[in-house]
Amino acid sequence: VTPGIDVTTPSAYRDAKQSDMVPASYNFSKVRAINKAWGRGGMSGDVGCAAAHRNTMAIAISKARLTKKPLVLVLEDDAALTHDFKVKLHRLLRNEAPCDWEMINLQAQCAHGRCVGPRLMQASPSVDDRGPGNACYWGRNLGT
């Protein structure tokens, strides 16, 4: 389990950026302004959670390299897997995943991007500036 960070404390946010848990290019003020314009709540919890996810991915990559195992499965602490999860995952990786894939999100909210298979989409990390109500922004990397 990788804990999040409390970005309401200026020193914790600065430390998270310096340790690369939050990308150096991330602009918290820009995100706050976008959220305010869209009528969304604060972003502190989202940033702290995303930092934990980023840290978890770094740990997973490091351990995969160390153990020379090419695949890593990262799950939320409250994930509930179906009885045939292993079979479905194997089929997805064998039959649909592109050769150059790096990550697959198994439960994307409001997926968007380019279709690469019957059940796979390559998501775009860009900010869409069409404004609230015109697109779903779950999964976007706001502020970068």
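Which residues are exposed on the other side of helix 2? Select Ser29, Lys36 and Ala37: these are the exposed ones (over 50% relative accessible area; buried means under 20%, partly exposed in between, with a 1.4 Å probe and protein chains only). The tour returns to helix 2 below, after some ground rules.

**Before selecting anything**

This is a predicted model, in which local features need pLDDT of at least 70 and side-chain atom pairs count only at pLDDT 80 or more, while totals for chains, interfaces and linings use all residues. Residues are numbered from 1 along each chain as its sequence is written, and side-chain values use heavy atoms, with hydrogens and water left out.

Colour by pLDDT, the predictor's confidence in each residue, from 0 to 100. The average for the protein is 75, and 76% of the residues score at least 70. Residues 127–144 stay under 50 throughout; the model has 37 contacts for them beyond four places in sequence, a contact being heavy atoms within 4.5 Å.

**Overview**

Switch to a cartoon. The protein has four helices and two strands, in the order α-α-α-α-β-β from the N terminus. Helices (H or I, at least four residues) and strands (E, at least two) are DSSP runs, numbered from the N terminus. Of the 144 residues, 23% count as buried. Among contacts between residues at least 6 apart in sequence, 42% join residues at least 24 apart.

**Helix 2**

Select residues 28–38. The buried residues of this helix are Phe28, Val31, Ile34, Asn35 and Trp38. They lie on the same side of helix 2 because they cover an arc of only 125° around the axis, the arc being that of the directions from the helix axis to the C-beta atoms. An α-helix has 3.6 residues a turn, so residues three or four places apart point the same way.

Now look at the two ends. At the N-terminal end, Asn27 is the cap: one of its side-chain oxygens is 2.9 Å from the backbone nitrogen of Lys30. This is a polar contact (a pair of N or O atoms within 3.5 Å; within protein, one must be able to donate a hydrogen and the other to accept it, and residues adjacent in sequence count only if both atoms are side-chain atoms). After helix 2 comes Gly39, with a positive phi near 75°.

**The core**

Next, select Ile5, Val7, Tyr13, Ala16, Met21, Val22, Tyr26, Phe28, Val31, Val47 and Ala51. These eleven residues form the largest nonpolar core, meaning a set of buried Ala, Val, Leu, Ile, Met, Phe, Trp, Tyr and Cys residues joined through side-chain atoms within 4.5 Å. Helix 1 (10–18), helix 2 and helix 3 (44–67) each supply at least two residues of it. Centre on Ala51: apart from neighbours within four places in sequence, its contacts are Ile5, Met21 and Val22.

Stay with Met21 and add Asn55, which is in helix 3. The C-alpha atoms of Asn55 and Met21 are 5.6 Å apart, with their positions 34 residues apart along the chain. Not counting residues up to four places away in sequence, Asn55 touches Thr2 and Met21. Asn55 is partly exposed, at a relative accessible area of 24%.

**Two loop residues with positive phi**

Most residues other than glycine have a negative phi. Which loop holds Asp20? Asp20 is in the loop between helix 1 and helix 2; its phi is near 70°, a positive value in a residue other than glycine. At 43% relative accessible area, Asp20 is partly exposed.

Move on to Lys68, in the loop between helix 3 and helix 4. Lys68 is not a glycine either, yet has a positive phi of about 60°. Its relative accessible area of 71% makes Lys68 exposed.

**Glu96 and the hairpin**

Select Glu96, in the loop between helix 4 (85–95) and strand 1 (114–117). Is Glu96 buried or exposed? Its relative accessibility is 9%, so Glu96 counts as buried. Beyond four places in sequence, Glu96 is in contact with Arg91, Val116, Gly117, Pro118, Arg119 and Leu120.

Finish on the strands. Strand 1 and strand 2 (residues 120–122) form an antiparallel pair over three bridges; strands pair if DSSP finds at least two bridges between them. The two strands make a hairpin, with two residues between them. Select Arg114 to find Gln122 of strand 2 opposite.
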